[in-house]
Structure formats: structure tokens, C-alpha cells
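This briefing looks at one protein chain, beginning with how its helices pack and then turning to a sheet and to the chain as a whole. Please keep the structure in view while reading.

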Amino acid sequence: MTIGGKTIEEALASLSDMTAGAVPIGKDEHLQRIAKAQAYMQAQGIAAIYINAGANLMYFTGTRWYPSERMVGAILPASGAVEYIAPAFEESTLKDFMLVEGRVNTWHEHESPYQLFVDTLQRMGIAPATAGASAPRIGICESAAFFIYDGIRPLADGYALENARSVTAHCRTRKSLNEIALMQRAKDMTLAVHVATASILREGITTTEVEEFINLAHRKVGASGSYFVIVLFGEATAYPHGVSYVQTLREGDTVLIDTGCKLHNYISDITRTYVYGTPSERQRSVWNSEKAAQQAAFNAAQLGVPCEEVDAAARRSLEADGFGPGYKLPGLPHRTGHGIGLDIHEWPYLVGGDKTPLDVGMCFSNEPMICIPGEFGVRHEDHFYMTENGPKWFTEPAHSIDDPFGLRK
């Protein structure tokens, strides 16, 4: 049996650390990322970008620093060395976290970091435009809080401020083999947790108890815990991101579990849906429609195809089975998938309007969920990445409603 039958202790004992040999991204790869960004900036005529604390700063420099109300980040010029901006009292700490070293420009609490930013651009040789000249293009990190842009804007006469996304997304959407390897391991870890979780289900168990187990299980396979957990039973499964109340499992309930972890900063995100007990014909039919839509999206994901066509393929499959049309319920109320990497949701997106052509190294979730309010919902979520030969699954899709993990003999 794959659903129920084990104690929590037995299920945890079936898991072991899976992180051996997983290698974090090293300094050399961060330097390669900087070089790639600078080549792109030179080709596009972008003089510099500001990279804010968070995933973008980590991606380019390896510096792990959480964004806050204080401006901390880096200036990446189109040519030359990266430089940092930070409060003076954080300088030593910031240097301790750096993988790619660089000059740290500091400001005291009573001073303006935004003026420091503009002054630093000029010292780096990126001067504001004079009369009749074109203003240097300066990208501001798309993940930076508005107060940072709002602080820089009135001081930036002679500069053309714009969204740095064209640079950051150009680099981050195309994963290296090292990034894909880390995500593969993280997803393998979470899939093992899913299997163990299904084995502990019993009538009367609560969603809170299952969430607690998943956290323990992720630790057992080598993560610091779950990055996130959604556990839903019965009618609550019709709501993609959960409900506010605790549910108790009953025979015949649909079970939806969506969870993930981090491994060296890269994220897993897998959903499995099945039935505790004997599925009804209605549950079986909807489950199979979801599986067909997920496969239709995967089949449509070919090199050069716009992202929106993958979403359209999933919706065509669902509409053929009587769901929708479009975003109408019962049916698929959200996009078919999202990019993933250092952020759980990152560009590009498998959704109408996103015309980004699929390219080698892009990684996506594939989760065209069926929501039937008042009854239940089904979401199969696996991820794939684009190779030179087309899409490849990180984890194989659920096998069947009777044997979701393909473990029965």
C-alpha cells in the first residue's frame, strides 16, 4: 500500500539524508554570470544596474543578504568590477558573506544611501548626461522596494532609470547544468517526502499533523525543513493555496499536498493529489483530466514556442473534457506554470500574454489545476527543464489515482 499503513516513526525511518555530493554554486560560476550580464549590457547600451539584496544579489555575487528598510545591494557596471552599497555598521558583516569581493561604499544612518548611489556611479566613470547628450541607462533591480527607486529618482538628473529585469531575467531564466543538478536533487528529496507522507495517512489525522510530519521528513532527507507546506483534505482541495481552517481526514476524501524545500538556495515545489480510500468515478475522471492537461502542456513545450502556447495547450485539453472555458470554474483559474530557481515563482510564466520563446535551460512548473468549488480540486505539479532536444521532467508525473507513486507491484 502507498496510502496509509505506517506509523510516523516507521515513515521517518524510511528516509535518509539525500544531500551527499550536492555542490553549491561556486565563485567561478558567479563570475561567469557577471560576465554574461556585462556582455548583454554592453550589447543593449545599459551603463549599469543596481542589484538589490535578495535573490538577484545572491545570483550574481553569491552574497546572501535579506532585503530590509535599509538599502543594501551592488552596482554592476557594463564593464569593470562590481561594487557594493551598505550601511557603515554592516560593512564587516557584508564582507563576511561575500563570495565575489568588491569595494563597499558605506553610508551612516543620518546620510542618504540614494545620494551615495548616484555619487558612486559618477566615481565609477558613469557620469550624468550633459546638454544634448544621451543619458546613461541605469537599471534598477525589479525586486527592490519602491522606496529605493523613489529615493534615487529625484537625485538622478542626467540618468535614464529603467527596470533591470531585462538583464537579470536574461541571465537567471537560463539555468546552468549546476543549477539544474541542485534543483533535481531538491525535487528528488521532496518527492521522497511525498511518498513517506502518503504512507502515514489515517482516518482522523489532521492537516496540521501532516504538515508537522512533512517538516520533520524534509529535515530527515537533509533540508533545513520545508520551504512551504500546503495540506488539504476534501472540499478544501478546490482552493489552490489553501483555506484558513484545519481539516480532518475522512474515508473517500481527496488529498492535496503541495510542498518543497531548499538545497543550496535552490527550490523544489511538487504537488500530489490522490484519494484516501476508494476513489469515486467523479474523482477518477477529474484526476485523469488533470493528468491529460499536464501532459498536453509538456508536449507543447518545445524550443522556440512562446510560453503562452503551453498554457493554451493545457486549457484546450481541459475544455475538451468540459472544463472552463478559459479561467472559468469548474476549471483552471490560474496560469499553467511558473519559472523556478532561487525564487519559487520567477520569470518566465506559462500563461497567456507571456510570449517569451522557450529556450535551453529554462525551468518551469507544470500544474494546470482543476478546481471544482463545493466538491474538490486536483493539482498534479511536476517541473521540467528545456534541453536541446525539448522538455525533460525533473520528476515523473503521478502514475494513477490508485497508485500515484507507481509503487504497487
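Axes here are lines fitted to C-alpha atoms, for helices over the stretch in contact, and angles run from 0 to 180 degrees between N-to-C directions. The model is a predicted one. In it, helix H2 (residues 27–44) and helix H7 (residues 165–172) pack at an angle of about 135 degrees, their axes being 10 Å apart.

**Packing of H2 and H7**

- Angles over 145 degrees count as roughly antiparallel and 65 to 115 as roughly perpendicular, and H2 and H7 are therefore oblique to each other.
- The handedness of the crossing between H2 and H7 is right-handed.
- On the H2 side the contact is made by Arg33, Lys36, Ala37, Tyr40 and Met41, while H7 contributes Ser166, Val167, His170 and Cys171.
- Sorted by character, the residues in the contact of H2 with H7 comprise 5 nonpolar, 2 polar and 2 charged.

**Packing of H10 and H11**

- Helix H10 (residues 281–300) packs with helix H11 (residues 307–320) at an angle of about 150 degrees, and their axes lie 8 Å apart, which makes H10 roughly antiparallel to H11.
- The crossing of H10 and H11 is right-handed.
- From H10, the residues Ser289, Ala292, Ala293, Ala296, Ala297 and Ala300 meet Glu309, Val310, Ala313, Ala314, Ser317 and Leu318 of H11.
- The contact of H10 with H11 divides into 9 nonpolar, 2 polar and 1 charged residues.

**A three-stranded sheet and its helices**

- An open sheet of 3 strands follows the order E7-E8-E11, and its pairing is antiparallel.
- Strand E7 (228–233) and strand E11 (270–275) are the edge strands, each of which pairs on one side only.
- Neighbouring strands of this sheet are turned by 10 degrees against each other on average, with direction ignored.
- Strand E7 runs antiparallel to strand E8 (residues 254–260), and 6 bridges join the two; Phe233 stands opposite Val255 in E8.
- Helix H8 (residues 177–199) lies across E8 and E11, and runs at about 20 degrees to E11.
- Helix H9 (residues 207–220) also packs on the sheet, where it touches E7 and E8, and its direction makes about 145 degrees with that of E7.

**The chain as a whole**

- The protein chain contains 11 helices and 18 strands.
- Its radius of gyration is 24 Å, close to the 22 Å that the globule rule gives for 409 residues, so the chain is as compact as a globular protein of that length.
- Along its principal axes the C-alpha trace spans about 75 × 45 × 40 Å.

Definitions and conventions
Residues are numbered from 1 along each chain as its sequence is written. This is a predicted model: local features need pLDDT of at least 70, side-chain atom pairs count only at pLDDT 80 or more; totals for chains, interfaces and linings use all residues. Side-chain values use heavy atoms; hydrogens and water are left out. Two strands pair if DSSP finds at least two bridges between them. Helices (H or I, at least four residues) and strands (E, at least two) are DSSP runs, numbered from the N terminus. Contact means heavy atoms within 4.5 Å. Angles under 35 degrees count as roughly parallel, over 145 as roughly antiparallel, 65 to 115 as roughly perpendicular and the rest as oblique. A crossing is left-handed if the near helix is turned anticlockwise from the far one by less than a right angle, and right-handed if clockwise. Ala, Val, Leu, Ile, Met, Phe, Trp, Tyr, Cys and Pro count as nonpolar, Asp, Glu, Lys and Arg as charged, and the others, Gly among them, as polar. The radius of gyration is taken over C-alpha atoms; the globule rule is 2.2 Å times the number of residues to the power 0.38.
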